[in-house]
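Me: Please take a close look at one part of this predicted model: a contact between two helices, and what follows it along the chain. I should like the terms defined as they arise.

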Amino acid sequence: MEQFAEILLPLALPVNYTYRIPPGLRDIVKVGMRVIVPLGKRKLYTGLVKEIHQRKPKDFEVKDILDAEDASPIIASPQIEFWEWLAQYYLCSEGEVMNAALPGGLKLESEMVIQRNLAKEIIDSELNDAEFLIVEALEQQDRLSIKEIAEITCFANPLFTIKELLSKAYVVLEEELKGGYKPRQVRLVKAGSELNEEDVSAAFDGLGNAAKQRELLLGFFQYRNERGEVTAALLLKRCKASDGSLKSLESKGLLEIFYDDPFRHQHSEDPSASGLFPLNESQQKAFDDILNHWEQPVLLHGVTSSGKTEVYTHLMAEVLKQGRQVLYLVPEIALTTQLIQRLERFFGEDLLVYHSRYSDRERVETWLKLFRKDDKPALVIGARSSIFLPFQNLGLVIVDEEHENSYKQYEPAPRYHARDAALVLAQQQNAHVILGSATPAYESYFNARKGKYHLVEMKERYGAIALPEIRPINLRELRKRKQMRGYFAPELVEEIERQMKKGKQIILFQNRRGFSTFLQCDTCGHVMQCRNCDISLTYHKHRHQLRCHVCGYNTPPPRSCPACKSQQVRSLGFGTEKLEDELQLMFPDARIQRMDLDTTRKKKAYENILQSFEDGDTDILVGTQMVTKGLDFGNVGLVGIMNADSQIFFPDFRAHEKAFQMLAQVAGRAGRKGERGLVLIQSSSPDHEVIHDVIGNRYRSGYEREMQERLEYHYPPFYRLIRISLKHRKREVLEERAVLYGQELKALLGRRVYGPEYPLANRLRGMYQMEILLKLESKLSLKAVKQALLETSDAFQQKHKSSPLRIIFDVDPF
């Protein structure tokens with residue numbers, strides 16, 4: 001009986017396609033394996049086998065799987081189930097989830113380009129006429145495209161012929177040569193044929209005065225494992241020897257160098273790792289409380305520097321002892337640097353790291369290593385994409401700084417929230433969940449108050465260190481009196497000087513990167529805007545460029561106004577780059593570092609900046625929100641918040657919540673050890689209730705106030721939100737269709753539909769956009785609403801096939 005496979009492709013397809021499994025692959029193809037499949041006439045893709053069955057499709061001609069990419073599966077059924085949930089909940093295709101989940105090295109996509117396999121000798125009797133034509137053509141050319149092969153054979157679709165040539169090994173696919181992951185080999189050393197281990201002294205005597213070779217041979221016996229092997233890198237590092245000395249020992253037959261799978265040869269850089277640090281009374285109480293209640297999700301609400309990480313560490317050790325896996329999610333890649341240093345000493349080779357700053361090869365190797373450790377303990381530290389890793393024995397998920405907006409994926413689909421998805425992942429794998437934060441998301445706190453989560457609180461800093469003193473600075477008054485020094489209040493400048501004299505470090509927070517936020521003509525008021533987006537261009541002095549932070553468009557700053565040709569063009573607003581410049585002028589002897597997206601693009605940039613600050617080689621660290629997220633430095637005496645107003649008065653129903661969280665978090669970087677720290681908040685509204693809540697550490701006050709407003713105006717956690725973005729290159733088409741689409745939704749959902757309206761930026765990346773917001777009661781069936789939305793949207797697109805709108809759903813958008 002014929003066998004078929006449902007294949008996931010990394011594309012936004014409405015359904016998954018079915019392919020025939022040819023007889024030669026029936027014993028090879030398994031669920032969870034990657035296979036090469038054709039799509040259309042000229043495309044090859046790496047697909048993933050979701051299901052194997054005998055149901056032959058009736059509506060279309062079934063194509064064959066061309067080849068298997070793997071010898072064994074690379075994901076298991078728990079991941080496939082999780083992907084299905086993500087696609088259904090966040091209203092996207094399973095292919096889009098697959099595309100987000102798999103590292104690039106596990107995906108291949110290109111035009112099918114064929115090359116001759118030179119290792120295969122041509123045997124005429126094995127080839128039919130069409131096959132011979134293709135092989136003969138490949139003898140004359142390096143490679144052929146599908147179109148060229150079709151012209152040679154006169155076949156409209158020559159895939160069957162190509163598949164036969166693949167099976168006979170006459171051709172290879174270029175993807176296998178150019179793209180995808182190639183397993184890395186590790187260089188190993190073992191005893192050579194001339195090394196008599198019963199008479200080792202003879203080998204040493206034969207080396208004479210070659211001191212380094214003698215040291216390497218001694219090191220080999222000292223560092224080799226139970227298999228009699230040692231990695232060459234470790235041996236050379238420990239013996240401080242050169243590769244030439246090692247090769248000399250190989251030439252004498254005393255040692256042998258060979259290559260093998262790196263996953264078999266992991267070693268701890270610190271084999272003498274010490275035990276866990278003991279918990280203090282407050283931490284122990286929280287630890288015991290969590291263990292007694294973690295049959296349900298736990299919200300750990302601990303003030304900044306209360307020692308939440310130590311509690312996490314002991315919980316992780318408990319789960320790893322059981323042979324299960326742990327996922328430790330952090331919102332910012334910068335946090336992984338400090339965490340790795342702290343946790344590596346405890347967990348050694350059980351520790352894996354996964355985030356976008358790692359190379360594609362490193363991410364693939366982490367993926368495969370975790371999959372192979374399905375029955376062994378493993379601790380994964382990573383950013384939001386870590387939820388896609390192939391866990392099969394997950395025992396604990398920790399979402400640190402769970403309030404952070406960085407856990408939300410906005411573009412492209414799936415537009416998931418890693419915290420919410422992690423809760424579902426843990427439920428599917430019967431794992432425990434800890435959500436931790438000094439400033440929990442109001443929805444999480446609401447769930448804890450309602451009993452959905454168990455609430456554990458840590459109200460004191462570790463070591464009974466006092467929370468920092470927080471003082472507001474009234475910018476409005478200082479500007480009236482013309483007392484500001486650029487963007488610095490005199491009090492802030494004086495405190496910087498005082499803290500530096502005491503040998504303390506300073507963190508300055510400004511949530512804008514670049515030099516100035518926009519360029520404006522004094523004569524006509526024209527603002528330099530992006531040609532693709534309706535937003536102003538940010539000036540970056542270091543690159544001498546105007547850059548769009550949405551689409552990446554950049555251009556040199558104009559010498560005169562493009563609108564009126566006036567020479568009176570000046571930069572307004574300020575970002576981290578300008579702060580760095582002004583600080584260098586005010587404090588010429590200070591060692592200043594900047595930490596934002598521009599300075600951390602390179603792989604090791606985070607580590608270098610943070611290490612420099614931790615080592616005391618940096619006096620002042622200027623940064624964006626990266627510096628607010630859980631960093632732990634012991635010598636920070638002062639934190640300066642340059643402009644609190646930009647957070648508080650942002651047009652977003654969560655603005656006050658986010659402002660409190662950000663201000664409280666960055667304030668928490670001060671005075672974590674030693675004497676009490678100081679935080680200065682510059683604001684034109686120093687009496688605002690949010691600032692007073694931060695000063696008094698009154699989390700609950702802001703929570704209660706916000707809950708009243710959200711209930712009244714129909715916002716979460718009392719209502720669920722779905723944002724629908726409508727996009728088109730022509731404004732007039734967008735406006736006409738958006739109104740019609742909105743009318744259909746209002747007929748379906750009534751007063752729950754708001755819009756369509758233009759957002760703050762009417763055009764992004766060359767597309768005009770309008771938005772519709774759905775506010776849905778919690779008691780309403782979200783699944784039924786989503787199904788009705790999809791059906792309505794499909795019908796609407798069918799009605800307007802010519803120049804259709806792009807309709808994007810974002811579930812839980814804020």
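Reply: **The α24 and β31 region**

Helix α16 (residues 442–449) and helix α24 (residues 699–713) have axes that come within 11 Å and cross at roughly 95°. α16 is therefore roughly perpendicular to α24. Axes are lines fitted to C-alpha atoms, for helices over the stretch in contact, with angles from 0 to 180 degrees between N-to-C directions; under 35 degrees counts as roughly parallel, over 145 as roughly antiparallel, 65 to 115 as roughly perpendicular and the rest as oblique. On the α16 side, the contact (heavy atoms within 4.5 Å) is made by Tyr-442, Glu-443, Tyr-445, Phe-446 and Arg-449. From α24, the participants include Tyr-699, Tyr-703, Met-707 and Arg-710. By class, this contact has six nonpolar, one polar and six charged residues, with Tyr counted as nonpolar and Gly as polar.

Residues are numbered from 1 along each chain as its sequence is written. The model is predicted, so local features need pLDDT of at least 70, side-chain atom pairs count only at pLDDT 80 or more, and totals for chains, interfaces and linings use all residues; side-chain values use heavy atoms, without hydrogens and water.

The loop between α24 and β31 holds Pro-717, which a cis peptide bond with omega about 10° joins to Pro-716. Helices (H or I, at least four residues) and strands (E, at least two) are DSSP runs, numbered from the N terminus.

Strand β31 (residues 719–728) pairs with β35 in the antiparallel sense over six bridges; pairing requires at least two DSSP bridges. Ile-724 has Phe-809 of β35 as its bridge partner. Strand β35 (residues 806–811) is mostly covered, with five of its six residues buried (under 20% relative accessible area; exposed is over 50%, partly exposed in between; 1.4 Å probe, protein chains only).
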